[in-house]
Amino acid sequence: MNEQTTSRKIVHIDMDAFYASVEQRDDPNLRGRPVVVAWKGKRSVVCAASYEARRFGVRSAMPAISAERLCPEAIFVPPDFARYKEASRGAREIFHRHTDLIEPLSLDEAYLDVTQNKTDLPTATRVAKAIRQQIREELNLTASAGVAPNKFLAKIASDWRKPDGLFVIQPHEVQQFLLPLPVGRIPGVGKVTESRMRAIGIHTVGDLYHLELTDLENHFGNYGIRLYQLARGIDHNLVVANRMSKSISAEDTFQVDIPLAETEQQIRRLAEKVWRASRENARGAKTVVLKLKTKEFHSLTRSVTPSAPPSSCNELTTIALSLRERVELGPQQLFRLVGIGLCNFQLDVESPLFENGDAALNAEAAVLSI
Ligand SMILES: [Mg+2]
């Protein structure tokens, strides 16, 4: 690893079972019981599950019906994002006591660069401990923290002692920690990549480590370069404050799957929501995105960056509707979800909330992800 990587101190904070924990905190009857945060309805998905529910195999993003089957005694609670945002804001206020270099990933997760911290604590580990303690005492919630020389490692570390845990990867421990890990632990390596890797005999980060850069590039293109670095614990990505203001989106899951031709009404409604949100934040977005999910759960997006950003809700709607023409799946194809997004903002102003967007609410349950 080079100097630049070793000299940084990054903390990744991840609130434990966040939405479910807020519910349990606010309603004593829910404490110690399996709680599933989800809307009612046949096609709803789980937004969050308490650890008691997870013991039954309930997980975020699984259909609510499956959760019910796995854990019939689970208590279903509809999500209340106003309260989650409030708690999230509380956490962010705590982070700000320690550093202003905060990159939220969702309502319940953030990277903090504490290479220099405001409270003069001597180590990043002490900063992480202080933050966890303040979250516990002031918000009555628990958070797990990972401390490492870069974002990639900090994220893996916060998951290592979850829930309510702290794990530190010191610069000299990186290789020893990393090499035995299954490749699936690498953020960005999903099921598909993982099985492709397995097919060519790559099971652990150590297996990746022993491959030449050219081999990795041959197999994985540009991502191969990234993998080569990650296997060595190298990640130069900086903590970017205010990254949240990068996109505004809204999406909807239909009650029944419908063909593309019948999505106009939803697209109009979503465009309105997105437009309103973008106006409130006074930003001009250059790129319009249409997101779709097929009946078979394949996601696809189509986007366009017109020469001038959309200047009215009508214009945004027209662009979003026209993006449908670039979906070439035939009129028979049925879709379960549609979403509209705006990104590539001209003015990046600070988002008033610690919130996102795509990462927080990609659960597809008639969710407005603004
Ligand atoms: Mg979390």
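Along the chain, the donors of the magnesium ion follow the spacing D-M-x92-D. In this predicted model, D14 belongs to strand β1 (residues 10-15), whereas D108 sits in the loop between β5 (102-106) and β6 (109-113), so the pair ties together parts that are 94 residues apart in sequence. The protein donors are D14 and D108, each through OD, together with M15 through O, and they lie 2.1 to 2.4 Å from the ion. Both D14 and D108 are buried.

The chain that holds this site contains 14 helices and twelve strands, and buried residues account for 49% of its 370 residues. Of the contacts between residues at least 6 apart in sequence, 66% join residues at least 24 apart. The accessible surface of the chain amounts to about 17,700 Å², with 50% of that area belonging to carbon and sulfur atoms.

Among the helices, α9 (residues 191-199) may be described in further detail. Residues T193, E194 and M197 of this helix are buried; when α9 is seen down its axis, its buried residues fall within an arc of 100°, so they line one face of the helix. These buried residues pack against α10 (205-209), α11 (213-220) and α12 (222-231), while K191, V192 and A199, on the other side of α9, are exposed. Just after α9, G201 adopts a positive phi of about 85°.

Key
Residues numbered from 1 in each chain as written. Predicted model: local features only at pLDDT ≥ 70, side-chain atom pairs only at ≥ 80, totals over all residues. Heavy atoms only, no water. Buried < 20%, exposed > 50% of the residue type's maximum accessible area, 1.4 Å probe, protein only. Helix = DSSP H or I, 4+ residues; strand = E, 2+ residues; numbered from the N terminus. Arc of directions from axis to C-beta. Contact = heavy atoms within 4.5 Å. Donors = N, O, S within 2.8 Å, 3.2 Å for Na, K, Ca; no water. Areas by Shrake-Rupley, 256 points an atom, 1.4 Å probe, with all protein chains shown as cover.
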